[in-house]
Amino acid sequence: MNIRRVSFDHPDAVKLNDEVQAEYHERYGDGGDATVLDPSDFRSPRGVYLIAYDTDDRPVASGGWRTQDRNDEGNEDGDAELKRMYVNKELRGRGLARRILAALEEDARAAGRTRMVLETGTQQPEAIALYASSGYEPCAKFGYYRFHEASRCFAKPLA
């Protein structure tokens, strides 16, 4: 796999985002993640967006982080918020998400962020298992879905 930095509005990023949104809708029945994201959220040094490409140069996985500091949605100064982690269904279970997660953590750390945070949901048990096995622990809810019962938030120190 070849992991590359791309813009959030790159055609391959749009394709994978459409796939993950369809999966969110399938799991939750709500049309997908309504969190507002802007391509500028993922521009260095305030964030990054990564895509993994297979040996045929097809986009097969993605993930990004964006800067968050103390705000009315429950974030803290120094937060890097993980967004749009996704692996095509046929390639799951091969460690690809773990590789992207490690690359995102390293990039956020290098950018001076002190904590990686993420929000997922009860209908994504494999995501919860990935984050728990990668050192993430439950934290106070934050973000767009902080008042939703199915929301689960996690954090990991980057220091």
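Visitor: What makes the link between the side chains of Arg84 and Asn17 a polar contact?

Guide: In this predicted model, the side chains of Arg84 and Asn17 are joined at 2.6 Å. A polar contact requires a pair of N or O atoms within 3.5 Å, one able to donate a hydrogen and the other to accept it. The value of 2.6 Å for Arg84 and Asn17 falls within that limit, and the pair therefore counts as a polar contact.

Visitor: Why is Arg84 called buried?

Guide: Arg84 has a relative accessibility of 5%. Buried means under 20%, so Arg84 meets the definition. This residue lies in strand S4, which spans residues 79-87. Setting aside residues up to four places away in sequence, Arg84 touches several others, including Phe8, Tyr24, Asp33 and Tyr49.

Visitor: What makes Arg66 buried or exposed?

Guide: The relative accessible area of Arg66 is 9%. Because the cut-off for buried is under 20%, Arg66 is classed as buried. Arg66 is found in strand S3, and its side chain reaches the backbone oxygen of Val36 at 3.2 Å. Beyond its neighbours within four places in sequence, its contacts include Asp41, Phe42, Asp79 and Glu81.

Visitor: How do you know that strands S3 and S4 pair?

Guide: Pairing requires at least two bridges between the strands. S3 and S4 have 7 bridges, in the antiparallel sense, so the requirement is met. Within this arrangement, Thr67 stands opposite Ala80 in S4.

Visitor: What makes S2 and S3 a pair of strands as well?

Guide: Strand S2, residues 47-53, is joined to S3 by 7 bridges, again in the antiparallel sense. The definition asks for at least two, and therefore S2 and S3 pair. Gly47 has Arg66 in S3 as its bridge partner. The two strands form a hairpin with 5 residues between them, and Asp57 in the turn has a positive phi of about 65 degrees.

Visitor: Why is strand S3 described as mostly covered?

Guide: Strand S3 comprises residues 59-68, and 10 of its 10 residues are buried. Each of these residues is therefore under 20% relative accessible area.

Visitor: How do you know that the buried residues of helix H3 lie on the same side?

Guide: The buried residues of H3, which spans residues 125-133, are Ala127, Leu130 and Tyr131. They cover an arc of only 90 degrees around the axis, and this places them on the same side of H3. Their cover includes S4, helix H2 and strand S5. Just after H3, Gly135 takes a positive phi of about 95 degrees.

How values were computed
Residues numbered from 1 in each chain as written. Predicted model: local features only at pLDDT ≥ 70, side-chain atom pairs only at ≥ 80, totals over all residues. Heavy atoms only, no water. Helix = DSSP H or I, 4+ residues; strand = E, 2+ residues; numbered from the N terminus. Buried < 20%, exposed > 50% of the residue type's maximum accessible area, 1.4 Å probe, protein only. Contact = heavy atoms within 4.5 Å. Arc of directions from axis to C-beta.
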